[in-house]
Amino acid sequence: MNELQIIAGCKEQKREAQKMLYEKYARTMYSICLRYSSDQDSAQDLLQDGFIKVFAHIGSFQEKGSFEGWLKRIFINLALENLRKKKNIIQSSDDLQNLPEMVDDSTEDSDMYKISETELLKMVQDLPRGYSAVFNLYAIEDYSHKEIADMMGISEGTSRSQYVRARQMLQDRVKRYIKERS
């Protein structure tokens, strides 16, 4: 079955089509869930909740644009909704005057290859929840600060400041990790 046939089958609530859709996209969506979760169990819960939501709302997919993009949007929104429920999003000041114009970029690119993807993901997960969410949305999902602000119910300035702080924290953690391993 091709993607359109799988989607049509899911709209008709055919179990085989739902299984095929899950198998095709579960890995990608799980990666998204991991980026917004503090651990694998939470990510797995988000994954299951996300697919339940996908199957319940697949009728609203109008086959305009990318289906995978539509799926990602559902999973990201679900993850952000989960963060809001936990009230762990840090509401920081819009005052960016105390933040450095540029964060330290002195970590050499070659040093980045000394860190496994798993370790780097763990470092992102260990950031304060709001920082982690903004970092993921901006650096990985490629949303603008305005879009992030709208999605998370924060100001653009808060989005920018959380991104800068998250990036600085990650750089510090990477340096410390490399130093400890050297």
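**A walk from a buried serine to the largest pocket**

Select Ser159 to begin: at 0% relative accessibility, this residue counts as buried (under 20% relative accessible area, where exposed means over 50% and partly exposed in between, with a 1.4 Å probe and protein chains only). You are looking at a predicted model, in which local features need pLDDT of at least 70 and side-chain atom pairs count only at pLDDT 80 or more, while totals for chains, interfaces and linings use all residues. Residues are numbered from 1 along each chain as its sequence is written, and side-chain values use heavy atoms, with hydrogens and water left out.

**Stop 1: around Ser159**

Ser159 sits in helix α9, residues 156–181 (helices are DSSP runs of H or I with at least four residues, strands are runs of E with at least two, and both are numbered from the N terminus). Now show its neighbours. Leaving aside residues up to four places away in sequence, Ser159 touches Val134, His145, Ile148 and Ile154 (contact means heavy atoms within 4.5 Å).

**Stop 2: helix α8**

Two of those names, His145 and Ile148, lead on to the next selection. Colour α8, residues 145–152, and pick out its buried residues: His145, Ile148, Ala149, Met151 and Met152. They cover an arc of only 165 degrees around the axis, so they lie on the same side of α8 (the arc is that of the directions from the helix axis to the C-beta atoms). Step just past the end of α8 and you meet Gly153, with a positive phi of about 70 degrees.

**Stop 3: the loop before α8**

Go back to the loop between α7 and α8 and select Asp142. Asp142 is not a glycine, yet it has a positive phi of about 70 degrees. Its relative accessibility is 66%, so Asp142 counts as exposed.

Next, select Glu141. What does Glu141 form with Arg35? The two form a salt bridge, with their closest N and O atoms 2.3 Å apart (the term means a side-chain nitrogen of Lys or Arg within 4 Å of a carboxyl oxygen of Asp or Glu). Arg35 belongs to helix α2 (residues 15–35) and Glu141 to the loop between α7 (129–140) and α8, so the pair ties together parts that are 106 residues apart in sequence. Are these partners buried or exposed? Arg35 is buried, with a relative accessible area of 17%, and Glu141 is buried with a value of 17%.

**Stop 4: the largest pocket**

Keep Arg35 selected, and add Leu34, Glu117, Thr118 and Leu121: of the 14 residues lining the largest pocket, these five lie nearest its centre. For the search, a 1 Å grid is laid over the protein atoms alone; a pocket is an open set of points with protein on both sides within 12 Å along at least five of seven lines, whereas a cavity is a set where a 1.4 Å probe fits but cannot get out, and lining residues have an atom within 4 Å of a point.

How much space lies in this pocket? About 360 Å³, where grid points are joined across faces, edges and corners, and the volume is the space filled by probe spheres set on the points. Colour α2, α6 (117–125) and α7, since each supplies at least two residues of the lining. Helix α6 gives the most, with seven residues. By type, the lining divides into five nonpolar, five polar and four charged residues (Ala, Val, Leu, Ile, Met, Phe, Trp, Tyr, Cys and Pro count as nonpolar, Asp, Glu, Lys and Arg as charged, and the others, Gly among them, as polar).

While you are on α6, select Leu120. Leu120 is partly exposed, with a relative accessible area of 31%. Draw a distance from its C-alpha to that of Tyr177: the two are 57 residues apart in sequence and 9.9 Å apart in space.

**Stop 5: two more charged pairs**

Side chains of opposite charge can pair when their charged atoms come close. The model has 10 salt bridges in total. One of them joins Lys11 and Glu63, at 3.5 Å from N to O. Lys11 is in helix α1 (residues 3–11) and Glu63 in the loop between α3 (40–57) and α4 (67–86), so the link spans distant parts of the chain, 52 residues apart. Lys11 is partly exposed at 34% relative accessible area, and Glu63 is partly exposed at 43%. Check the backbone of Glu63 too: it has a positive phi of about 60 degrees although it is not a glycine.

Finish at Lys14 and Glu12, whose side chains meet in a salt bridge of 3.1 Å, N to O. Here Lys14 is partly exposed at 47%, while Glu12 is exposed at 52%.
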